[in-house]
Amino acid sequence: MEFTYDVIVIGAGHAGCEAAAAAANLGSKTCLITMDMNKIGQMSCNPAVGGIAKGQIVREIDALGGYMGLVTDRTAIQFRMLNRSKGPAMWSPRAQCDRGKFIWAWREILEHIPNLHIWQDTVEELIVDKGTVTGVTTCWGITFHAKAVILTAGTFLNGLMHIGRKMLPGGRCAEPASYHLTESITRHGITAGRMKTGTPVRIDARSVDFSLMETQDGENDFHRFSFISEPRKLKQLQCWTCFTNEEVHNVLRSGLADSPLFNGQITSIGPRYCPSIETKIVTFPDKPQHQLFLEPEGETTNELYLNGFSSSLPIEIQFAALKKIPCFRNIVAYRPGYAIEYDYFDPTQLKHTLESKIIKNLFFAGQVNGTTGYEEAGGQGIIAGINAHINCEGGEPFILKRDEAYIGVLIDDLVTKGVDEPYRMFTSRAEYRILLRQDDADMRLTERSYHIGLASRERYDQVLMKRDVINHIVDFAKTYSIKPDKINPALEQLKTTPLAQGCKLIELLSRPQVTIENIAPYIPAFAHLLNETNVAYKEEILEAAEVQIKYKGYIERERIIADKIHRLESIRIKGRFDYANLQSLSTEARQKLIKIDPETLAQASRIPGISPSDINVLLVLLGR
């Protein structure tokens with residue numbers, strides 16, 4: 001073998017898989033180095049993909065030509081569209097997956113991508129020459145040479161696991177940590193820190209009394225993650241819910257003295273929005289119960305994941321507390337919950353391409369940037385893979401803006417604001433979320449990806465067809481006239497106000513009670529149009545058309561606002577100011593601007609501590 005590549009990816013988690021696939025599919029000779037080929041795409045915590053805002057990210061990865069959506073659909077054992085009672089900007093797909101099948105689906109994909117090799121080893125040293133990365137050295141003493149390196153090491157860098165007062169080195173349960181690599185990076189001036197995450201107990205289904213739990217069924221309609229995948233093929237399973245109680249909380253409190261979170265053993269910051277059960281009872285002492293979700297780990301396994309009961313308390317405390325919940329009185333577990341501390345690198349040291357500002361051609365993606373979640377990792381991975389290829393072959397950087405994708409919001413937040421706790425994406429983080437819906441991720445991103453050579457012609461043709469169908473339906477609705485005497489009986493059945501005078505069909509479809517599906521039978525010309533629309537993924541396309549019709553005003557208004565902000569995005573300020581000597585700026589503004597060194601005035605405006613008056617000062621100076 002020749003250990004010389006265009007792109008090397010360190011780590012085969014969700015960021016690493018997407019990064020390696022993207023770089024290789026674009027044409028770079030790529031090597032994915034992983035400690036264990038049997039854990040590629042491992043779901044370290046909950047075997048679920050998606051959720052609020054996270055589901056949108058997976059749709060975006062798929063629209064760009066990534067694989068997380070395809071793998072999820074192929075291995076899903078329960079699917080739900082969250083937030084259906086709210087507007088479409090909030091709709092978020094989520095799927096429970098078969099953990100084992102997820103790994104092998106990823107490995108099958110990766111092993112069949114031309115230009116992509118997989119090597120099982122541990123990287124210990126980064127090779128840097130004159131400020132540019134040139135390769136890596138592994139624990140077996142092999143030197144890999146490369147034009148670009150992407151680090152996606154997850155929780156493995158100097159990983160340390162905690163259960164009670166017991167501490168063991170490791171990157172995941174029963175898996176070794178990665179040593180020396182952090183130090184080989186920080187010696188070049190890159191700043192590292194420590195974060196913490198955790199995972200709950202895994203329960204044997206044979207020990208659970210399901211009659212004492214509420215069932216939570218999935219949905220079996222047309223929705224899925226990938227814009228091009230086939231319907232789900234695995235058996236669809238139930239999930240269950242139950243609650244803790246005061247007896248559970250009393251047992252948990254009795255173990256707090258031995259909790260690494262409260263006895264000083266763990267000093268790093270954990271995820272605010274996914275707290276451990278012991279953190280919940282301390283933070284909310286008056287709350288009598290907390291909801292738990294019991295979720296299957298696979299189609300045929302008895303292993304169950306107890307969502308909401310993440311813990312690093314001593315083993316005996318975890319089990320004693322669970323036995324106080326009636327459905328778990330005879331609990332048998334496969335393993336306890338535990339916490340893990342790991343190294344991450346300050347993401348404000350990165351460009352929007354995820355390339356280091358300090359070491360040329362070195363990229364970071366995933367939890368090493370201070371994020372949490374498979375979806376956030378995958379979104380960073382595909383952007384890092386694209387830009388690593390571009391750095392090797394030439395071309396303009398591939399950057400997604402905040403009004404183009406949740407991935408753009410995620411990366412801009414990381415490199416502009418930094419992190420002081422594990423970053424998790426929410427719809428509330430996106431100021432243009434009506435533009436960033438899950439139904440139109442392909443309309444936003446596939447064309448851009450196709451033009452750089454990543455998204456396939458199949459995907460691009462699918463988007464063109466979808467756009468044509470939507471435009472055809474919307475144009476028909478805009479021009480087709482409705483007469484009161486013809487439609488009022490139907491409107492009364494739909495419990496919406498009858499028409500006093502004629503109107504266009506689009507006005508009816510704008511009503512909350514009226515949908516394409518329930519009004520078409522009463523309008524023969526419209527029904528004929530829909531019946532003649534014989535295309536793949538028809539149901540999804542009709543839903544997207546309806547969203548565009550019902551929320552047209554909101555979408556247009558948000559687009560106008562986004563276009564105004566683009567004016568600031570076009571004003572480039574990098575390299576134009578000596579911030580240290582701008583006394584008209586606040587001290588905090590000078591410090592933050594020196595540290596971040598923003599590319600544009602809009603990015604500067606999003607830095608915490610930069611006030612509108614500071615932006616005005618820069619605008620005035622630019623005018624001069």
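Glu-543 counts as buried in this predicted model, because its relative accessibility is 13% and the limit for buried is under 20%. Glu-543 is part of helix 17, which covers residues 538–550. Apart from neighbours within four places in sequence, Glu-543 is in contact with Arg-84, Trp-91, Phe-222, His-223 and Gln-438.

**Salt bridges**

Side chains of opposite charge can pair when their charged atoms come close. A search of the whole structure gives 44 salt bridges. Three of them are listed here.

| Salt bridge | Closest N to O distance |
|---|---|
| Glu-297 and Arg-99 | 2.5 Å |
| Lys-351 and Glu-355 | 3.5 Å |
| Asp-403 and Arg-559 | 2.7 Å |

The salt bridge of Glu-297 with Arg-99 links distant parts of the chain, 198 residues apart. Glu-297 sits in the loop between strand 15 (291–296) and strand 16 (303–310), while Arg-99 belongs to helix 4 (residues 99–111). Both Glu-297 and Arg-99 are buried.

In the salt bridge of Lys-351 with Glu-355, are the two residues buried or partly exposed? Lys-351 is partly exposed, with a relative accessible area of 35%. Glu-355 is buried, with a relative accessible area of 4%.

Asp-403 and Arg-559 form a salt bridge as well. Asp-403 lies in the loop between helix 9 and helix 10, and Arg-559 lies in helix 18 (residues 552–569), so the pair ties together parts that are 156 residues apart in sequence. Asp-403 has a relative accessible area of 5% and is therefore buried, whereas Arg-559, at 30%, is partly exposed. Salt bridges with shared partners also join Arg-402, Asp-412, Asp-413, Lys-417, Glu-431, Glu-569 and Arg-606 into one network.

**Helix 9 and helix 10**

How do helix 9 and helix 10 cross? The axes of helix 9 (residues 374–393) and helix 10 (residues 406–417) come within 10 Å and cross at roughly 85°. Helix 9 is therefore roughly perpendicular to helix 10. On the side of helix 9, the contact is made by Glu-376, Gly-379, Gln-380 and Ile-383. Helix 10 contributes Ile-407, Leu-410, Ile-411 and Leu-414. Sorted by class, the contact of helix 9 with helix 10 has 5 nonpolar, 2 polar and 1 charged residues.

**Strands and sheets**

Strands of a sheet pair through backbone hydrogen bonds, either parallel or antiparallel. One open sheet has 3 strands in the order 3-5-4, and their pairing is antiparallel. Strand 3 (48–50) and strand 4 (76–82) are the edge strands, each pairing on one side only. On average, neighbouring strands of this sheet are turned by 15° against each other, direction ignored. Strand 3 is joined to strand 5 (residues 92–97) by 3 bridges, and Val-49 stands opposite Ala-95 in strand 5.

Two helices meet these strands. Helix 2 (residues 54–64) lies across strand 3 and strand 5 and runs at about 85° to strand 5. Helix 3 (residues 68–75) packs on the sheet and touches strand 3, strand 4 and strand 5. The direction of helix 3 makes about 115° with that of strand 4.

Another antiparallel pair consists of strand 7 (residues 123–129) and strand 8 (residues 132–138), joined by 6 bridges. Leu-126 stands opposite Val-136 in strand 8. Strand 7 and strand 8 form a hairpin with 2 residues between them. In the turn, Lys-130 has a positive phi of about 55°.

Key: Residues numbered from 1 in each chain as written. Predicted model: local features only at pLDDT ≥ 70, side-chain atom pairs only at ≥ 80, totals over all residues. Heavy atoms only, no water. Axes fitted to C-alpha atoms, helices over the stretch in contact; angles between N-to-C directions. Helix = DSSP H or I, 4+ residues; strand = E, 2+ residues; numbered from the N terminus. Parallel < 35°, antiparallel > 145°, perpendicular 65-115°, else oblique. Contact = heavy atoms within 4.5 Å. Nonpolar A, V, L, I, M, F, W, Y, C, P; charged D, E, K, R; others polar. Pairing = 2+ DSSP bridges. Buried < 20%, exposed > 50% of the residue type's maximum accessible area, 1.4 Å probe, protein only. Salt bridge = Lys/Arg side-chain N within 4 Å of Asp/Glu carboxyl O.
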